[in-house]
Amino acid sequence: MADIICVIGNKGGTGKTTLSHMLCQGMGLLGQRSVCVLTDTHREPLDPSGRRYLLADARSREALVKVVDKVRGLKAWLGIIDGGGNRTEMDRRLYGVADLVLLPFRDSHEDIRTVIRDLEMFPRAYAIPTQWPTNAWQREAAEKTVGELLAPYHDRILDPVFSLSGSKILLQKNMPEGLPTPLANACRAAAHQVVDLLQLPLDNEDPLPGIGNRIANPPPPQVQMAQLAVAA
Ligand SMILES: Nc1ncnc2c1ncn2[C@@H]1O[C@H](COP(=O)(O)OP(=O)(O)OP(=O)(O)O)[C@@H](O)[C@H]1O
Ligand SMILES: [Mg+2]
């Protein structure tokens with residue numbers, strides 16, 4: 001059975017969608033098949049070409065049930081569900097179907113207050129710092145804030161996803177073939193954390209670090225888009 005990962009959280013703009021796509025692209029680079037599931041009714045579906053993962057449109061409740069059922073039945077696949085901000089009821093439902101729940105948060109007191117509330121509400125969830133500062137001083141200050149405010153949850157905080165201007169490429173409707181190497185590496189690193197948390201066996205890992213999106217033999221998707229294209 002496939003594992004379902006939900007990227008949720010009450011605060012808008014924390015990086016849920018970006019992280020969902022980074023994870024899927026990273027999974028593809030690690031040789032792991034995945035589907036990125038859109039649930040946000042305020043967003044449009046993206047074009048699948050150039051991506052190392054499939055996309056599914058689950059913006060209605062019925063479509064979500066069908067997509068989750070379909071993905072669950074795919075052996076050795078992952079479904080990564082991108083939530084939407086300010087949707088506590090939806091988050092609760094997604095939490096109920098998820099094998100792993102990720103709560104992105106940025107370096108701000110407001111995000112941290114919200115993620116504490118979400119960590120309390122979703123006791124199996126992990127918080128993941130996103131858009132994290134790369135400048136040494138800012139990073140040190142951000143880590144200090146997290147150390148102080150999130151101390152009781154320190155074992156539920158994952159390694160950060162750093163601020164990377166290239167990450168917006170993943171949310172372009174049409175993604176170019178071949179991502180910049182720093183972005184590909186960040187996708188791979190984020191995916192690796194999830195692989196470790198879910199203890200997934202990896203047998204197809206790209207052996208060459210830093211070669212961006214170019215793998216000689218990309219794993220062919222064994223499921224066609226049509227199979228996941230349930231009516232939204
Ligand atoms: N790692 C990152 N580095 C740089 N910018 C980022 C990163 N992650 C997200 N962003 C930027 O932050 C903004 C919000 O990101 P995103 O749309 O992924 O958040 P969201 O949580 O899905 O928002 P919403 O609640 O509206 O669904 C976007 O402009 C995105 O490009
Ligand atoms: Mg979003």
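Helices and strands here are DSSP runs: H or I over at least four residues for a helix, E over at least two for a strand, numbered from the N terminus.

**Figure 1. Overall fold of the predicted model.** Counted this way, the protein holds seven helices and six strands. Read from the N terminus, the elements follow the order β-α-β-β-α-β-α-β-α-β-α-α-α. The chain has 232 residues, and 51% of them are buried.

**Figure 2. Ligand 1 in its pocket.** Ligand 1 occupies the largest pocket. Around it stand 16 residues. The nearest are Lys-16, Thr-17, Thr-18, Arg-43 and Leu-164. By class, the shell splits into 10 polar, three charged and three nonpolar residues.

**Figure 3. Polar contacts to ligand 1.** Two side chains and one backbone atom are shown here. Thr-18 places a polar side-chain atom 2.6 Å from an oxygen atom of the ligand. For Gln-131, a polar side-chain atom lies 3.3 Å from an oxygen atom of ligand 1. Phe-162 uses its backbone instead: an N or O atom there is 3.1 Å from a nitrogen atom of ligand 1. Ligand 1 on its own exposes 630 Å², and the protein buries 76% of that area.

**Figure 4. Gln-131, a loop residue at the ligand.** Gln-131 lies in the loop that links β6 (126–129) to α5 (136–149). Its phi is positive, about 50°, although the residue is not a glycine. Is Gln-131 buried, partly exposed or exposed? Its relative accessible area is 40%. Exposed would need over 50%, and buried under 20%. Gln-131 is therefore partly exposed. That value counts protein chains only as cover. The side chain of Gln-131 is also the one seen in Figure 3, with a polar atom 3.3 Å from a ligand oxygen.

**Figure 5. Asn-86, an exposed loop residue with positive phi.** Where does Asn-86 sit? It belongs to the loop between β4 (77–82) and α3 (88–97). Asn-86 is not a glycine, yet its phi is positive at about 55°. The relative accessibility of Asn-86 is 61%, so the residue counts as exposed.

Notes. Residues numbered from 1 in each chain as written. Chains lettered and ligands numbered in written order. Predicted model: local features only at pLDDT ≥ 70, side-chain atom pairs only at ≥ 80, totals over all residues. Heavy atoms only, no water. Buried < 20%, exposed > 50% of the residue type's maximum accessible area, 1.4 Å probe, protein only. Near = heavy atom within 4 Å. Polar contact = N/O pair within 3.5 Å; in protein donor to acceptor, adjacent residues only side chain to side chain. Areas by Shrake-Rupley, 256 points an atom, 1.4 Å probe, with all protein chains shown as cover. 1 Å grid on protein atoms, 1.4 Å probe; cavity = no way out; pocket = protein on both sides within 12 Å on 5 of 7 lines; lining within 4 Å. Sits in = over half its atoms within 2 Å of the grid points. Nonpolar A, V, L, I, M, F, W, Y, C, P; charged D, E, K, R; others polar.
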